[in-house]
Amino acid sequence: MSQLKRPLATLNGTGSRLPRLPVPKSSSLRMPVPLKRTRSPDELPSEKRICLENRSSTGSNSSSCSVSSVSSQKSGSNLRSQTSGSSLRSQTSGSNLRANKYVLNKPKAVPVKPQPATRAAPSRTGLTRSNSVVVKSAIKPVVTRTTMVSRGGPPASTRNRTTGSSGQQAQKAPESSVGGGGGKKRQAWDLKGRLQDMELILREQKSSSSDLMMQLQSNNNRIFSLENQNSHLSGTVAQKEQVATAASEEISFLKKQIREEEEKFDGIRRKLQGEISDLTFLKETLDRQKQQLDGEVTAANAEINGLKTTVAQMTSAQAGMSAELEATKVSLEAAMREGRQKDEEIRRLKGVVRSQEETIEDFNAKFREHETARRKLHNTIQELKGNIRVFCRVRPLLGDECLGNNGDVQHMNFPDVDQKVLELEKIGDMAMNESCLAASRRGNKFEFSFDRVFQPSSSQAEVFEEISQLIQSALDGYNVCIFAYGQTGSGKTYTMEGGSVNDPESQGMIPRAVVQIFESIKEMEAKGWKYNMEASFLEIYNETIRDLLGNGKDELKHEIKLTGMGSNDVIVTNLTLVTVETDTQITSLLKKASHNRAVAETKCNEHSSRSHSVLRLKLTGENSLSGEACVGTLNLVDLAGSERLKESGSEGQRLKETLSINKSLSTLGNVIMALGNKDNHIPYRNSKLTYLLQNSLGGNSKTLMFVNASPKEECFQETLNSLRFATKVNQCNIGTAQKKSK
Ligand SMILES: Nc1ncnc2c1ncn2[C@@H]1O[C@H](COP(=O)(O)OP(=O)(O)OP(=O)(O)O)[C@@H](O)[C@H]1O
């Protein structure tokens with residue numbers, strides 16, 4: 001907008017807005033052509049002036065007109081009387097001037113054209129079209145009168161004067177002179193008189209002409225002045241026209257600029273509208289954010305108020321605590337005084353403690369000595385008990401076995417209080433091996449004594465309690481071997497592994513042994529012992545070793561080899577060894593072994609009962625305090641069913657199995673017998689089982705045999721055979737066990 005204002009302001013050169021110029025409809029701004037400057041009558045050459053005079057005398061229409069005009073003007077008052085006031089004023093106007101100029105420059109009659117209104121001088125001059133007409137009307141009567149003169153009548157001037165007072169006076173003089181006779185017309189012959197009249201008229205005319213000339217000169221001067229004014233005004237008009245043209249161009253330029261500015265303005269307006277819409281959207285967004293922030297501020301204020309309340313509460317609480325603190329300080333100071341006294345007491349007691357610690361250390365040393373002595377005594381007791389001990393266990397009647405006898409085992413008696421005797425009684429027509437009967441019968445009863453007899457009601461925990469000291473012997477560095485011997489279904493697997501996994505009470509010797517081992521390891525850590533336990537699990541089926549902890553896919557061949565110093569260590573090639581680090585780990589090992597045995601059962605019915613399974617736990621211990629070290633082995637063996645071939649009536653594969661089982665079991669018995677007899681040759685190699693367990697059956701081992709007996713009466717003969725075999729084993733003294741130290 002400032003651009004717009006600037007050019008406008010500069011138009012009048014004053015900084016103010018230009019007045020609105022009148023815009024003519026046509027070329028009204030064009031100024032009339034400047035009048036040609038005419039010379040004044042005084043500047044005219046004398047010939048022309050004479051010519052005027054002559055013309056007036058010749059009586060031509062044109063000249064007479066000029067003369068008449070002059071003459072009529074000569075008598076200014078007369079002339080004014082013939083014309084109106086406005087006519088006189090018009091004589092001062094440019095039009096009238098042009099008329100007079102026309103008279104002077106163009107003596108011939110030319111119709112006087114009125115100037116068009118549009119070409120009229122500016123109104124300031126006062127020249128109007130109507131005025132121009134008035135001038136013409138003022139001139140016209142004069143011409144008429146002159147015409148009358150030219151027609152040969154009495155001189156027009158004379159006649160005309162009859163209409164005015166001055167004319168009347170001028171007319172009277174010639175008449176008196178001519179008439180001499182009182183207005184009498186001169187005779188034709190009176191040439192002299194007529195000449196006088198003429199001269200008189202001529203003088204009058206000359207006088208009138210002189211006046212008119214003077215008036216003409218005055219008018220010419222005025223014309224000249226007006227022409228100058230006109231010229232000046234023309235220049236002014238030209239300047240104004242230039243200004244107007246410049247203004248017009250400026251206006252066009254400004255209009256163009258305005259259009260451009262308007263276009264720009266439209267663009268800016270559109271842009272601004274866009275920005276306004278953006279700003280509106282932004283404003284709405286800000287409003288929403290503001291509302292959100294207001295909500296947050298409100299929530300924050302509420303939180304602040306809550307905090308203020310909390311602060312106030314805490315402040316009051318702090319005041320209370322400060323008071324309490326002061327009280328505490330007081331009591332603390334008292335306590336510190338007391339503490340200083342106590343420090344003295346503590347220092348004194350520390351001295352006592354040091355002496356006590358020394359005493360304790362002495363006691364610990366003595367304790368270790370006593371522990372060593374305890375071990376020795378423990379093993380002495382074990383030795384006194386015998387390195388082969390036999391426990392007899394009778395399982396309860398199960399399910400349908402209880403029918404008819406109310407769950408009581410009729411043919412078995414447990415007479416002694418020490419639970420070391422089992423009495424087997426023949427009831428009714430029991431089929432019996434007569435040779436056996438002959439050997440041990442007292443009447444119809446057969447009495448067997450073992451290290452311990454467990455009745456059907458005995459729990460797994462009771463049984464384990466009796467073997468737990470053997471487990472401790474394995475930790476002390478002895479080779480321990482625990483067998484489960486008996487016919488199929490007598491409870492060997494239940495005793496060794498346990499019943500249901502979900503029933504902790506039914507856990508067998510193996511998991512309980514592992515739990516005890518870990519408990520003992522933990523206890524012995526305090527005494528400086530650190531143990532490592534490795535487990536392997538195999539079965540011997542038809543004199544073939546299978547790895548029960550393997551992946552079950554590889555049919556690797558396993559051989560028993562003797563290694564180590566003096567070939568004392570028995571190893572099995574390609575056998576999986578698992579480091580057991582937790583007591584629960586053994587459960588998964590048992591599951592895996594059971595799974596592998598189940599896979600084998602699909603190939604051979606009742607595979608598990610027809611094979612020996614051996615779980616071996618190798619325990620390696622070191623005592624960092626005493627420097628002691630030991631290696632013990634715990635063998636937990638679930639033997640195959642001990643049915644006699646004759647009683648079992650086996651054929652085919654079952655016969656082969658039975659023969660293999662019998663061979664290994666009889667070899668086991670023979671080995672034990674040979675050990676008891678202190679034979680030079682111990683037939684370990686006669687079976688894989690005895691070859692594998694040779695180090696656990698000799699003098700450096702402790703052996704426990706469970707003889708499991710079935711409570712069923714129909715199994716009387718097999719039970720009798722098992723008890724007899726166990727009795728033989730129990731009677732063997734296979735020497736003193738030796739601790740195996742590293
Ligand atoms: N003391 C016991 N208390 C309760 N149930 C028992 C006991 N002993 C054995 N049983 C049960 O008797 C059945 C046979 O026992 P188990 O399988 O242990 O005999 P086994 O001698 O191992 O037979 P096999 O030689 O065929 O393996 C099993 O169902 C077992 O749960």
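Here are a few exercises on this predicted model, each with a worked solution.

**Exercise 1. Get your bearings**

Work out how many helices and strands the protein chain has, and what share of its residues count as buried.

*Solution.* Start with the secondary structure: the protein chain holds 20 helices and 15 strands. Next, go through the burial of its 742 residues, and you'll find that 28% count as buried. Finally, take the contacts between residues at least 6 apart in sequence: 72% of these join residues at least 24 apart.

**Exercise 2. Two helices that cross**

Find helices H12 and H14, then describe how their axes cross and which residues make the contact.

*Solution.* For a pair of packed helices, the description rests on the angle between the axes and the distance between them. Helix H12 covers residues 460-475 and helix H14 covers residues 509-525; their axes come within 10 Å and cross at roughly 50°. That angle makes H12 oblique to H14, since it falls outside the ranges for roughly parallel (under 35 degrees) and roughly perpendicular (65 to 115). As for handedness, the H12 and H14 crossing is right-handed.

Now for the residues. H12 brings Phe464, Ile467, Ser468, Ile471, Gln472 and Leu475, while H14 brings Met509, Arg512, Ala513, Gln516, Ile517 and Ser520. Sort the contact of H12 with H14 by class and you get seven nonpolar, four polar and one charged residues.

**Exercise 3. Around the ligand**

Which residues come nearest to the ligand, and which helix gives the most to the shell around it?

*Solution.* There are 16 residues around the ligand, and the nearest are Arg395, Gly491, Thr493, Tyr494 and Ser609. Helix H13 (residues 492-496) gives the most to the shell, with three residues. Split the shell by class and it comes out as three nonpolar, eleven polar and two charged.

**Exercise 4. Positive phi without glycine**

Look up asparagine 574 and lysine 678: where does each one lie, and is it buried or exposed?

*Solution.* Take asparagine 574 to begin with. Its phi is positive, about 60°, although it is not a glycine. You'll find asparagine 574 in the loop between strand S11 (569-572) and strand S12 (578-579). Asparagine 574 has 12 other C-beta atoms within 10 Å, so it is exposed.

On to lysine 678, another non-glycine residue with a positive phi, here near 55°. Lysine 678 lies in the loop between helix H17 (652-676) and helix H18 (688-692). Count the other C-beta atoms within 10 Å of lysine 678 and you reach 11, so lysine 678 is exposed.

**Exercise 5. A strand residue and a loop residue**

Place leucine 617 and glutamate 713 in the secondary structure, then give the burial class of each.

*Solution.* Leucine 617 sits in strand S13 (residues 612-623). Leucine 617 has 23 C-beta neighbours inside 10 Å, so it counts as buried; the cut-off is 20 or more. Setting aside neighbours within four places in sequence, leucine 617 is in contact with Met533, Ala535 and Leu634. Leucine 636 is 19 residues from leucine 617 in sequence, with 8.4 Å between their C-alpha atoms.

Glutamate 713, for its part, belongs to the loop between strand S15 (701-709) and helix H20 (716-731). Glutamate 713 has 18 C-beta neighbours inside 10 Å, so it counts as partly exposed. Along the chain, glutamate 713 and isoleucine 427 are 286 residues apart, yet their C-alpha atoms are separated by 8.6 Å.

Definitions and conventions
Residues numbered from 1 in each chain as written. Predicted model: local features only at pLDDT ≥ 70, side-chain atom pairs only at ≥ 80, totals over all residues. Axes fitted to C-alpha atoms, helices over the stretch in contact; angles between N-to-C directions. Helix = DSSP H or I, 4+ residues; strand = E, 2+ residues; numbered from the N terminus. Parallel < 35°, antiparallel > 145°, perpendicular 65-115°, else oblique. Left-handed = near helix turned anticlockwise from the far one by under 90°. Contact = placed C-beta atoms within 7 Å. Nonpolar A, V, L, I, M, F, W, Y, C, P; charged D, E, K, R; others polar. Near = placed C-beta within 6 Å.
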